[in-house]
Amino acid sequence: MGASDVSTARPLGVGLLGLGVVGSAVAAGLMAGRGELAGEGARPLVLRKALVRDLRRKRTVDLDPGVLTTDPAAVLDDPSVDVVVEVMGGEQPAFDYISRAIRGGKHVVTANKEVLCKRGDELFTLAAEHGVRLLHEASVGGGIPIVGPLSSDLLANRIESIRAIINGTTNYILTKMAAQGAGFDQVLEEAKKLGYAEADPTSDVDGWDAAYKIAVLARVAFGVSVPLDAVHREGIRGLEAQEFRYAATLGYTIKLLAVARREQGGLLVRVHPALIPSSVPMAKVDGVLNVVEVEGDLVGPLWLQGRGAGPDATASAVLGDLLRIARGAEIRKNVAAARSADRLKLVSIDDHECKYYFRLVCKDRPGVLAQIAGILGKLQISIASVIQMDANAERGEADLVIMTHPSLERNVQKAVREIAALQVVARVASVLRVEAY
Ligand SMILES: NC(=O)c1ccc[n+]([C@@H]2O[C@H](COP(=O)([O-])OP(=O)(O)OC[C@H]3O[C@@H](n4cnc5c(N)ncnc54)[C@H](OP(=O)(O)O)[C@@H]3O)[C@@H](O)[C@H]2O)c1
C-alpha cells in the first residue's frame, strides 16, 4: 500500500470484550487518536463495539450509546470488527469468546494471563490454524514490554533464565512488612483499603497470578507449554514479621520471585518467597513495581522494570499489540513453534539446589543444636551459620536461625519433617530458599 492509500485505507475495526480498568483505558486511547500511530500505510484503528455486563454502570470514558452492548455476538459476529481485544479476565467465558473470534477470522489481543496459562495450547493452535494473530503483551508485567522482545528481538538467543517480580500486590505487601515490621494480615488490610489488593486476594497472595504469568512467559521464552500444576507455587501468607527483621540482619530482603530456568537438563518453573541479597538491584524493586530479568546466551542479562499494572501502563501494551496488527506485520504462527527445536522437559523442584534459611522455635536448653545438626548432617545439609535470635523467657523458647550451604530440596524437605518431630523444637516457623545472584 502506498502513502496515497492512507486516507482511503479501510479502518481496522476493534471490538472490546470488557470495559473495566484496562478496557476503558484502551477505549480512551483509541478515542484520543492513538489508533493512528502505526504509521504510513497502516490501517487506522477504530472502536466499533464494547461488551459489558452492566449497561448502567458509570464508565470513565464517554462512548456513543451504540458502542456498548451486553450481547457477545454483537462483537464476535460483527463483520466490521477485525480485531477482538479481550480484557474481561478469567478462564470462562473468555476462552469461548476468544475461540469464537479466532474461528471467525478475527485477530485477538488479550491481557488475560489466566486463560493463556490454562488454555494457551488450544488458543495458539487455533490461531495458527486460522491464520490470525493472538497477541498478549499486557498479560505479563502490565506496561513492561517483555512478550514482544522475547518473541522477536531475542529470537536468536538461547534463553537461560527468566527471573521476575511480577505481582504488584505481593511486592507492595512484602515492601511494607519489611519497612514497618508489621504482620501480614495488617498490611493486607491496608493494601485493600488503598486498592492495591482485591477483596479476595487469593490469586495474588497465594502465588496463582505470578504462576500464570511465569507459565505464559516460559512458553514464549523456552517454547514449552507449562501446565499450571507443573509450576512449583508457594505464596506469602505464611510469612511472619520476624522473617523480615532476621533477613535484614543477615543482609537479605524477602521477595516473591517467579523463575523459569534451565537446570537438571530441563526447565524448572517456580514461584515462591525467597531471600535475595539486599545489595542486588532486584532487592530495591519496591511497592507495586514489577521487574523481569532475562538471561540470553548472546545478549547476556537484560533488565526490564516498570509498572506491572494500572490502566495506562496496561493500555500501552494492548495498544502496542493493536498497532502491530494495524501495521500488518508477518503473522507469527506461534512462538512455541519457533523455539520448539529445544524440546525442554519440565523438571521438579525436588532436585533444585540452593542455600536455605530456617527459623526454628526451639526449647531454650542445652543439646538442642546437636540434635538439629545431627539431622542436617545425615542428609548432607551443611550449616553455614547459626544464630540465636529473640528468646521468649516465659515460654522457655528461642528463635534459632540457620543458614545452609547449597543443599538439595528433597533433602531439605526430609530434614524439615524430622526436625519438626523433635521434642526440643516447638515449631518450624519458616523455611525459605536463598536465591543465588
Ligand atoms: N487492571 C490491571 O492493571 C491489569 C493489568 C494487566 C492485565 N490485566 C488483565 O486485564 C484483564 C481485565 O482486567 P481489568 O482490571 O480491566 O478488569 P475489570 O476492571 O474487572 O473489568 C472487566 C470488564 O469485563 C466485563 N466483563 C467481565 N465478565 C464479563 C462477562 N461475562 N460478560 C461481559 N462482560 C464481562 C466487565 O463488565 P462490567 O463493567 O459491566 O462489570 C468489565 O467491564 C484481566 O485479564 C486482568 O488480569 C489487568
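A residue counts as near a molecule or strand if its C-beta atom, placed from the backbone, lies within 6 Å of it. The model is predicted, so local features need pLDDT of at least 70 and side-chain atom pairs count only at pLDDT 80 or more, while totals for chains, interfaces and linings use all residues. Residues are numbered from 1 along each chain as its sequence is written.

**Exercise 1. Describe the shell around the ligand.**

Start with the count: 22 residues surround the ligand, and the closest are Gly18, Gly20, Gly89, Ala111 and Ala309. Next, sort the shell by class, with Ala, Val, Leu, Ile, Met, Phe, Trp, Tyr, Cys and Pro as nonpolar, Asp, Glu, Lys and Arg as charged, and the others, Gly among them, as polar. This gives 11 nonpolar, 8 polar and 3 charged residues. Finally, look for the helix that gives the most to the shell: it is α1 (residues 21-31), with 3 residues. Helices here are DSSP runs of H or I with at least four residues, strands are runs of E with at least two, and both are numbered from the N terminus.

**Exercise 2. Describe how α1 packs against helix α11 (residues 311-327).**

Two packed helices are described by the angle between their axes and the distance between the axes. For α1 and α11 the angle is about 65 degrees and the axes are 8 Å apart. Axes are lines fitted to C-alpha atoms, for helices over the stretch in contact, and angles run from 0 to 180 degrees between N-to-C directions. Now list the contact, which requires C-beta atoms, placed from the backbone, within 7 Å. From α1 it includes Val21, Val22 and Ser24, and from α11 it includes Pro311, Asp312 and Thr314. By class, the contact has 8 nonpolar, 3 polar and 1 charged residues.

**Exercise 3. Check the length and burial of helix α9 (residues 208-222).**

The expected span is 1.5 Å times one less than the number of residues. For the 15 residues of α9 this should be 21 Å, and the end C-alpha atoms are 21 Å apart, which agrees. For burial, 20 or more other C-beta atoms must lie within 10 Å of a residue's own (12 or fewer means exposed, in between partly exposed; C-beta atoms are placed from the backbone). Here 15 of the 15 residues are buried, so α9 is largely enclosed by the rest of the structure. Just after α9, glycine 223 takes a positive phi of about 70 degrees.

**Exercise 4. Place leucine 134 in its surroundings.**

Leucine 134 is found in strand β6 (residues 134-135). Leucine 134 is buried, with 25 other C-beta atoms within 10 Å. Not counting residues up to four places away in sequence, leucine 134 touches Val108, Leu123, Phe124 and Ala127.

How values were computed: Two residues are in contact if their C-beta atoms, placed from the backbone, lie within 7 Å.
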